[in-house]
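Welcome! Here is a guided walk through a structure that may be new to you, taken one region at a time.

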Amino acid sequence: MKAGVIAVQGDVAEHAEAVRRAATAHGESAEVVEVRDSGIVPDCDALLMPGGESTTISRLIHREGIADEIRDHVEAGKPVLATCAGLIVLSRDAKDDRVDALGLVDVSVDRNAFGRQKDSFEAKIPVDGLSEPFHAVFIRAPLIDEVGEGVETLATVDGRPVAVRDGPVLATSFHPELTDDSRVHDLAFFPESEVEA
């Protein structure tokens with residue numbers, strides 16, 4: 001499997017390691033490439049859209065010609081895992097004119113709705129498709145405040161969605177790459193099997 005990590009900004013190394021662990025758990029190997037320019041995404045089997053600063057990520061993927069390639073990737077049914085700012089950039093409505101959202105996940109989001117950096121938190125949350133709760137790390141996390149009809153909610157915190165699936169895209173408000181647990185990456189790229197703890 002060739003996995004591209006959108007590396008214009010964000011947690012690149014952590015995602016790369018997590019996708020390698022997920023592939024190994026399925027008896028596969030993963031070649032992970034960093035995507036900073038156009039022309040790489042079309043050769044990828046899977047994409048990771050990491051956290052970072054959503055306005056910066058949005059600006060850079062459009063400037064570098066990567067945005068349309070991400071759209072084509074999703075339209076081809078290839079999987080994407082988008083975390084935190086990645087969720088914001090892929091959303092239908094980022095509620096921020098500075099973010100040119102790609103509209104690939106039929107949700108609206110409020111940036112930093114769970115609070116600022118000092119309000120970051122961790123929680124064990126049940127996630128549909130995982131046999132045991134997942135230790136989720138929320139850092140300046142966005143709030144999914146509206147979910148489209150075809151979107152599956154996979155996890156909630158206080159009744160609010162924090163993980164959703166829209167076709168081939170799995171998107172989270174939290175940072176699964178900041179733990180040693182690669183089950184969310186596994187769920188994104190190998191959704192056909194329930195993932196053990």
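The paragraphs below visit an annotated site, a helix, the nonpolar cores and a few individual residues.

Please keep in mind from the start that this is a predicted model. A good place to begin is the annotation in the UniProt record, an unreviewed entry, which marks Gly-52, Glu-53, Ser-54, Arg-111, Ile-139 and Arg-140 as "binding site". These residues span 89 residues in sequence, yet no two of their C-alpha atoms are more than 13.2 Å apart, so they gather at one spot.

Let us look at two members of that group. Ser-54 belongs to helix H2, which covers residues 54–63. With a relative accessibility of 2%, Ser-54 counts as buried, because buried means under 20%. Setting aside neighbours within four places in sequence, Ser-54 is in contact with Ala-85, Ile-88, Val-89, Val-99 and Arg-111; Arg-111 is itself one of the annotated residues. Arg-140 sits in the loop between strand E8 (134–138) and strand E9 (143–147). Its relative accessible area is 31%, so Arg-140 is partly exposed.

Now follow helix H2 itself. Its buried residues include Ser-54, Thr-55, Ile-57, Ser-58, Leu-60 and Ile-61. What do the buried residues of H2 pack against? Their partners are strand E1 (2–6), E3, H3 and H4. After H2 comes Gly-65, with a positive phi near 80°.

Ile-61 of H2 also leads us to the largest nonpolar core, which has 35 residues; Ile-6, Met-49, Ile-61, Ile-70 and Leu-90 touch the most other members. At least two residues of this core come from each of these elements: strand E2 (31–35), strand E3 (46–49), H2, helix H3 (66–75), strand E4 (80–83), helix H4 (85–90), strand E6 (105–110) and strand E12 (169–172). Which element gives the most to this core? That is H4, with five residues. For a view from one member, take Leu-90: beyond its neighbours within four places in sequence, Leu-90 is in contact with Met-49, Ile-70, Val-80, Ala-82, Leu-102, Gly-103, Leu-104, Val-105 and Val-169. There is also a second, separate core of 32 residues, and among its members are Ala-30, Leu-130, Ala-155 and Ala-188.

Next, turn to helix H5 (residues 183–189), where you will find His-185. Is His-185 buried or exposed? His-185 is buried, with a relative accessible area of 0%. Not counting residues up to four places away in sequence, His-185 touches His-15, Ala-18, Val-19, Ala-22, Leu-48, Leu-81, Pro-176 and Glu-177.

Finally, two loop residues deserve a visit for their backbone angles. Cys-84 is not a glycine, yet it has a positive phi of about 50°. You can find Cys-84 in the loop between E4 and H4, and its relative accessible area of 5% makes Cys-84 buried. Asp-158 is not a glycine either, and its phi is positive at about 55°. This residue, Asp-158, lies in the loop between strand E10 (152–157) and strand E11 (160–166). While Cys-84 is buried, Asp-158 counts as exposed, at 69% relative accessibility.

Notes
Residues are numbered from 1 along each chain as its sequence is written. This is a predicted model: local features need pLDDT of at least 70, side-chain atom pairs count only at pLDDT 80 or more; totals for chains, interfaces and linings use all residues. Side-chain values use heavy atoms; hydrogens and water are left out. UniProt positions are given in the numbering used here, feature names are shortened, and annotations may be inferred rather than shown by experiment. Helices (H or I, at least four residues) and strands (E, at least two) are DSSP runs, numbered from the N terminus. Buried means under 20% relative accessible area, exposed over 50%, partly exposed in between (1.4 Å probe, protein chains only). Contact means heavy atoms within 4.5 Å. A nonpolar core is a set of buried Ala, Val, Leu, Ile, Met, Phe, Trp, Tyr and Cys residues joined through side-chain atoms within 4.5 Å.
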